[in-house]
Structure formats: structure tokens, C-alpha cells
Amino acid sequence: MDFLIHFKFKPKLDFTYLKQIKRYLASSLIIWLIAIFAQVYNGLDIVLLGLFKSPEEVGYFTIARRAIGGSTILMVFLANALLPRLSATFSNDISQFNSATGKFLKISLFLTVFVFLPLIALSGHIITFALGNEYLPASLPFKIMGLGLIIVLFNLPYSTGLVAAGFEKEVLKQVLASASLSVILNIFLMPKYGMIGAAISFVFAETLAILWILWAYRKNIGICQHS
């Protein structure tokens with residue numbers, strides 16, 4: 001303490017840093033909410049199906065649902081790896097931002113054509129080989145949800161770009177809207193169509209998601225690119 005007094009040290013509070021910390025915490029909270037709501041509506045359909053259909057049908061659908069969820073892990077890892085670069089380039093070099101987003105889209109296209117479309121087409125054979133003929137009914141909901149999976153692949157580059165550019169609230173709104181639509185459609189379709197209705201609900205929810213994200217991307221980032 002005497003040492004500090006000798007050099008006339010006076011502590012100062014820099015409220016600029018406090019504002020930055022507050023902003024970062026707010027963004028982190030929104031991103032956390034996005035992850036939570038996405039997990040909720042991606043798993044709630046299994047719970048709802050259990051209210052209307054037999055445990056056997058829930059089991060078939062769970063296999064298909066988990067396979068779809070597992071297929072997106074690679075893209076989610078890629079999105080997380082790309083997020084810092086997009087964040088750094090959005091304000092400093094918009095051409096690099098666009099280039100990174102374009103590469104992400106090309107990867108999505110490559111995976112769709114050479115990985116996921118063959119996986120969807122051969123899903124019956126894969127399920128039979130891995131689990132046995134008794135689980136073959138899981139193939140049809142998997143194929144239907146495969147369409148939703150492809151939509152997710154082309155959604156991620158734009159939703160990741162929105163988060164990187166500081167428009168994570170738009171992504172949160174989209175997730176809430178998709179979750180609401182998913183629940184409503186599941187309640188209407190599941191009693192009659194069971195796991196097929198649940199698979200169709202997933203496709204519609206992801207269709208709403210990509211339309212919302214493309215609109216938000218064009219409205220926010222498209223303006224920034226031309227300003």
C-alpha cells in the first residue's frame with residue numbers, strides 16, 4: 001500500500017469496459033437461449049408423440065429423430081469453428097465475411113449431394129443392417145425429416161452469419177417461431193398420422209426457419225453490405 005501511495009496511484013473505474021462486458025453477457029444469454037429453445041423443440045416432438053401413440057411407434061420415431069440430430073452435429077461444429085472468423089471480418093472486411101459464408105454454403109451443398117442424399121436414399125438398408133428388420137418402419141420418418149435436415153444445412157451459414165454480425169436476437173425470434181409452429185402442428189397431426197405427422201411438422205418448422213433467416217439476413221446484413 002505504501003508503494004502505491006508513493007507513486008500517487010489512484011484507482012480508476014473505466015465504465016467503457018463495464019458496458020462492453022454487459023453487451024457480451026447479453027449476447028451470450030441470447031445465444032444460450034437459442035440453444036435451449038432449439039433443443040426443446042427438437043426433442044419435444046418425441047414427448048408429444050408418446051401422448052398420442054404407442055411406445056413402439058415412439059421408439060421408431062426416436063431412432064429417426066436421433067439419427068437426424070446426430071447428422072447435424074458436424075455442421076454445428078463447423079458453424080462454431082467459423083463463428084469467430086465471421087465476427088472478426090464483419091466489421092473489418094466484409095468481402096472476407098462474404099467469402100467465408102460462401103465457403104460454408106459450398107460445404108453444405110457438398111454434404112447434401114455426396115453424404116446426406118445417399119444416406120436418406122439408403123436409410124432402409126442402413127437401419128436394417130444396423131438394427132434389424134424390426135426397426136425398418138423408422139426409415140419413412142427419417143426420409144421425410146431428411147428434407148428438413150437439408151434445409152438446416154442451408155440455414156446454418158446464414159444464421160451463423162447473423163449471430164456473428166450481432167443480430168442474434170433475430171435468430172432467437174426464429175427459433176421461438178419454429179418451436180411454436182412445431183408444437184402446434186404436432187398437436188394437430190400426431191393423433192391421426194403419428195410419427196409421419198411428427199416428421200412433417202419438423203419439415204414445416206425448418207421451412208419457416210430458413211425463410212425467416214433469409215429474410216432477416218437480407219434485411220440486416222444485406223443493408224450493411226451496401227451501406
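This passage describes the helices, the nonpolar core and the salt bridges of a predicted model.

The protein contains eight helices and zero strands. Along the sequence, its elements accordingly read α-α-α-α-α-α-α-α. Of the 227 residues in the protein, 40% are buried. Contacts between residues at least 6 apart in sequence were also examined, and 76% of these join residues at least 24 apart. One pair of residues distant along the chain is I36 and V175, which are 139 residues apart in sequence, with their C-alpha atoms separated by 9.7 Å. I36 belongs to helix α2. With a relative accessibility of 37%, I36 is classed as partly exposed.

The packing of two helices was considered next. Two packed helices are described by the angle between their axes and the distance between the axes. Helix α5 spans residues 94–121 and helix α7 spans residues 139–164; their axes come within 10 Å and cross at roughly 170 degrees. Because of this crossing angle, α5 is roughly antiparallel to α7. The residues that form the contact of α5 with α7 comprise 18 nonpolar, six polar and one charged.

In soluble globular proteins, nonpolar side chains tend to be buried together. In the present model, the largest nonpolar core consists of 52 residues, and the members that touch the most others are F61, F97, M145, L162, V171 and I221. At least two residues of this core are supplied by each of α2 (15–52), α3 (55–71), α4 (73–92), α5, α7 and α8 (168–226). Helix α8 provides the largest share, 15 residues. The surroundings of one core member, I221, can be listed individually. When neighbours within four places in sequence are left aside, I221 is in contact with F90, F97, G161, L162, A165, F167 and A216. Among these partners, F97 and L162 are themselves listed with I221 as core residues that touch the most other members.

Charged residues were then examined. Side chains of opposite charge can pair when their charged atoms come close. Two salt bridges are present in the structure. In one of them, the side chains of D45 and R65 meet, with an N to O distance of 2.6 Å. D45 lies in helix α2 and R65 in helix α3, so this salt bridge ties together parts that are 20 residues apart in sequence. D45 has a relative accessible area of 2% and is therefore buried, the cut-off being under 20%. R65, at 4%, is also counted as buried. Residues up to four places away in sequence being excluded, R65 touches Y41, N42, D45, I46, M145 and F202. The contacts of this buried arginine thus include its salt-bridge partner D45, as well as M145, one of the core residues that touch the most other members.

The other salt bridge is formed by K219 and E170, whose closest N and O atoms are 3.3 Å apart. K219 has a relative accessible area of 32% and is therefore partly exposed. E170, by contrast, is buried, with a relative accessible area of 10%. The two salt bridges can be set side by side in terms of accessibility: D45 is buried and R65 is buried, whereas K219 is partly exposed and E170 is buried.

How values were computed: Residues numbered from 1 in each chain as written. Predicted model: local features only at pLDDT ≥ 70, side-chain atom pairs only at ≥ 80, totals over all residues. Heavy atoms only, no water. Axes fitted to C-alpha atoms, helices over the stretch in contact; angles between N-to-C directions. Helix = DSSP H or I, 4+ residues; strand = E, 2+ residues; numbered from the N terminus. Parallel < 35°, antiparallel > 145°, perpendicular 65-115°, else oblique. Nonpolar A, V, L, I, M, F, W, Y, C, P; charged D, E, K, R; others polar. Core = buried A, V, L, I, M, F, W, Y, C linked by side-chain atoms within 4.5 Å. Buried < 20%, exposed > 50% of the residue type's maximum accessible area, 1.4 Å probe, protein only. Contact = heavy atoms within 4.5 Å. Salt bridge = Lys/Arg side-chain N within 4 Å of Asp/Glu carboxyl O.
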